[in-house]
Amino acid sequence: MPMYEYHCHKCNEHFEELAAADETVSCPNCGSTDTERLMSACCCRTGSASADGGSSSGGSCGCAGCSGGHCATCGH
């Protein structure tokens with residue numbers, strides 16, 4: 001199942017959720033189902049050094065929650 005980014009219209013929370021494309025998602029903050037799936041930003045990296053001076057050969061920012069690319073949780 002893919003990870004999607006959502007916005008809750010009731011409490012203005014921004015969150016990520018593993019969900020099927022047609023699944024109704026509830027806000028983890030207030031429980032509302034008045035949520036909107038957002039367009040996710042994509043970040044592609046190569047094996048060369050990244051802009052911040054680190055190596056990005058694995059395509060991951062290094063935090064335990066990331067599988068690579070852009071992660072709204074850690075901001076990388």
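In this predicted model, strand S1, which spans residues 3–8, pairs with S2 in the antiparallel sense, and five bridges hold that pairing together in the DSSP assignment. S1 also runs antiparallel to S3, to which three bridges join it. The outcome is an open sheet of three strands in the order S2-S1-S3, with antiparallel pairing. The edge strands are S2 (14–18) and S3 (35–37), each of which pairs on one side only, and neighbouring strands of the sheet are turned against each other by 40° on average when direction is ignored.

**Pairing of S1 with S2**

- Within the S1 and S2 pairing, Glu5 has Glu16 of S2 as its bridge partner, while the bridge partner of His7 in S2 is His14.
- S1 and S2 form a hairpin in which five residues lie between the two strands, and Asn12, located in the turn, has a positive phi of about 70°.
- As general background, strands of a sheet pair through backbone hydrogen bonds, and the pairing can be either parallel or antiparallel.

**Pairing of S1 with S3, and the covering of S1**

- On the side of S3, Cys8 stands opposite Thr35.
- S1 is mostly covered, since five of its six residues are buried.

**Cysteines and the absence of disulfides**

- A search of the whole structure finds zero disulfides, a disulfide being in general terms a covalent bond between the sulfur atoms of two cysteines.
- For Cys11, the closest cysteine sulfur is that of Cys27, at 3.6 Å, which is too far for a bond because a disulfide requires the two sulfur atoms to lie within 2.5 Å.
- For Cys30, the closest cysteine sulfur belongs to Cys8, again at 3.6 Å, and this pair is likewise too far for a bond.
- Cys11 counts as partly exposed, with a relative accessibility of 28%, and Cys30 also counts as partly exposed, with a relative accessibility of 32%.
- Cys8 therefore enters this account twice, as the residue opposite Thr35 in S3 and as the cysteine whose sulfur is closest to that of Cys30.

Notes: Residues are numbered from 1 along each chain as its sequence is written. This is a predicted model: local features need pLDDT of at least 70, side-chain atom pairs count only at pLDDT 80 or more; totals for chains, interfaces and linings use all residues. Side-chain values use heavy atoms; hydrogens and water are left out. Buried means under 20% relative accessible area, exposed over 50%, partly exposed in between (1.4 Å probe, protein chains only). Helices (H or I, at least four residues) and strands (E, at least two) are DSSP runs, numbered from the N terminus. Axes are lines fitted to C-alpha atoms, for helices over the stretch in contact, and angles run from 0 to 180 degrees between N-to-C directions.
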